[in-house]
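Please open the model in a viewer and keep the selection panel at hand. The tour below proceeds from the whole chain to individual helices and their contacts.

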Amino acid sequence: TSADVFDLQLMDASRSSRSRIPEGVIASAVKRGDWVDTLLDDLEFPARSDLRQFLRDVGSDVTSGRAAMVPLVHLHVALEPNAGPLRLADAISELERLGPGQGRMGRAAAARVVLSRLDLDDARLFDFALQQVRADHDLLGIEPAIVGRALLRWKPYLLADGLTQEDPLYRAVEAALPEVDTDELVSVIEAVPGAAAAVLPSRRDVLERSSFWRVTSIDAFSLIRSLDADRDHAALIVSALAEAGRDDCSQVVVERFGIGPVVAALSGMNVAGIRSKMGWVRAIAQRTNDLAEGMVDGRLSHRPLLLILAEIRDPDAVPNSIGTDPWVAAVERTRTTDDVSAEDLLAAFLFNRARGWRSGSTGRLFFLSVQRLHEAMASDRLTGEAWRIAKQRLPYGSVWRDWDQCEKLRHAVVDNFIDRELPPIEFGTVVNDGKLWKKLVDLAADSSRGRRYLDKVRNALLGGHER
């Protein structure tokens, strides 16, 4: 009509009715847009339409009155779940043309839909929605986690900018972070490395992903030095670092957390797995005092790891300051593996250590090594490296005739028990093989000192006081 830009009424079709509104037109007589159809449907079937409630809620702050009807109807349609991003973008543009102070409620409604619908893959729409929520301390009433997830998706660089606590988006990010998939957070950090500072304080599990440590722009050394993690968490971090191939971080990790987390991580691997992480093995192998402590208290009692340590460490390297020899304590807690070569080398290693002067458990070291080493020598199955370790502390032999390897080994064992006056009971139980034990006894009986020692062994085995 001439008085109103827009008016829609239901009237009868009589001439008297039309005469009251001379400038009115019948809807069916004009080219109708989708907005007219929406209004007509609402008039005809009000029970199945929420248009009127929408207009009351969203149009309440539009001062241009009925002139805003078409933009608001378009917005109503565009906010339906099946509406595409182009329709929503057009509706928002129409609403914005009403003026900067108009349609705040409509803008908020559009922002809620943009942030809530993951299928709306449109950067322009998100820019619009972000502008709306950032201007409102309460985020337009939208659940903060929804805003935060959208922010991580579209504007992760804002996390690197250092959001202040006064910024409404700070609360949104805080609410979203606990709910986001870990791999998604790694992707965010990979795209925006600076976002790590905002993510890691509340999502330490990101550090347990190998993909995180593969992000080349992360200053791994500085980050590790700044971490405050318990042993279990540190072990998971070590596993992630090892899986990522970050052997270069091994020394830094050991300096920060000690050998415990590395031992725990390596203890979940077999021999082949540990061999592939030699940078980490070498990092703990240098800490001989820590190795001794871990072996005694049981933290280092993984047989495959002990086998590898025996390959790279000197037999005398680990101290035995007090009590049971650390190697004895560790090996006795474990079971023999099926890796024949590695087990033979361990036997050679323990024999070498027993022949040295570092251990306070010489007899038990012989018990853990001699029978297997003797069998390996007799069957000529020792590897070159195992033979090298054993040979270092075998006697040279007799000036009258050459001794074979096994004979040298038997002489070494008997000489140690007699010369060092080791506990007789330990000689009596040094091997389980009766034939080998008889050879050791016969060898000891060749000397008067040996015979006196054997008397003590007999007494100990019969339950006497010589232990």
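With the full surface displayed, the protein exposes about 23,800 Å², an area obtained by the Shrake-Rupley method with a 1.4 Å probe. Carbon and sulfur atoms supply 49% of that exposed area. The model is predicted, so local features need pLDDT of at least 70 and side-chain atom pairs pLDDT 80 or more, while totals for chains, interfaces and linings use all residues. Residues are numbered from 1 along each chain as its sequence is written, and side-chain values use heavy atoms, leaving out hydrogens and water.

Next, colour by secondary structure. The protein has 30 helices and zero strands; helices are DSSP runs of H or I with at least four residues, strands are runs of E with at least two, and both are numbered from the N terminus. Colouring by burial then shows 48% of the 467 residues as buried, that is, under 20% relative accessible area with a 1.4 Å probe, protein chains only. Of the contacts (heavy atoms within 4.5 Å) with a separation of 6 or more, 67% join residues 24 or more positions apart.

Select residues 85–96 and 123–134, which are helices α5 and α7. Their axes, 10 Å apart, form an angle of about 45°; axes are lines fitted to C-alpha atoms over the stretch in contact, and angles run from 0 to 180 degrees between N-to-C directions. α5 is therefore oblique to α7, a term for angles outside the ranges under 35 degrees (roughly parallel), over 145 (roughly antiparallel) and 65 to 115 (roughly perpendicular). Show side chains here: P85, L88, A89, I92 and E96 of α5 meet R124, L125 and F128 of α7. By class, this contact has six nonpolar, no polar and two charged residues, where Ala, Val, Leu, Ile, Met, Phe, Trp, Tyr, Cys and Pro count as nonpolar, Asp, Glu, Lys and Arg as charged, and the others, Gly among them, as polar.

Move on to helix α8, residues 144–154. Which of its residues are buried? They are A145, V147, G148, A150, L151 and L152. Their cover includes α6 (104–116), α7, α9 (157–160), α10 (168–176) and α11 (182–191).

Finally, select α23 (residues 340–355) and α26 (residues 384–391). The two axes come within 8 Å and cross at roughly 10°, which makes α23 roughly parallel to α26. On α23, D344, L345, A348, F349, F351 and N352 meet E385, A386, I389 and A390 of α26. Seven nonpolar, one polar and two charged residues form this contact.

Definitions and conventions: Buried means under 20% relative accessible area, exposed over 50%, partly exposed in between (1.4 Å probe, protein chains only).
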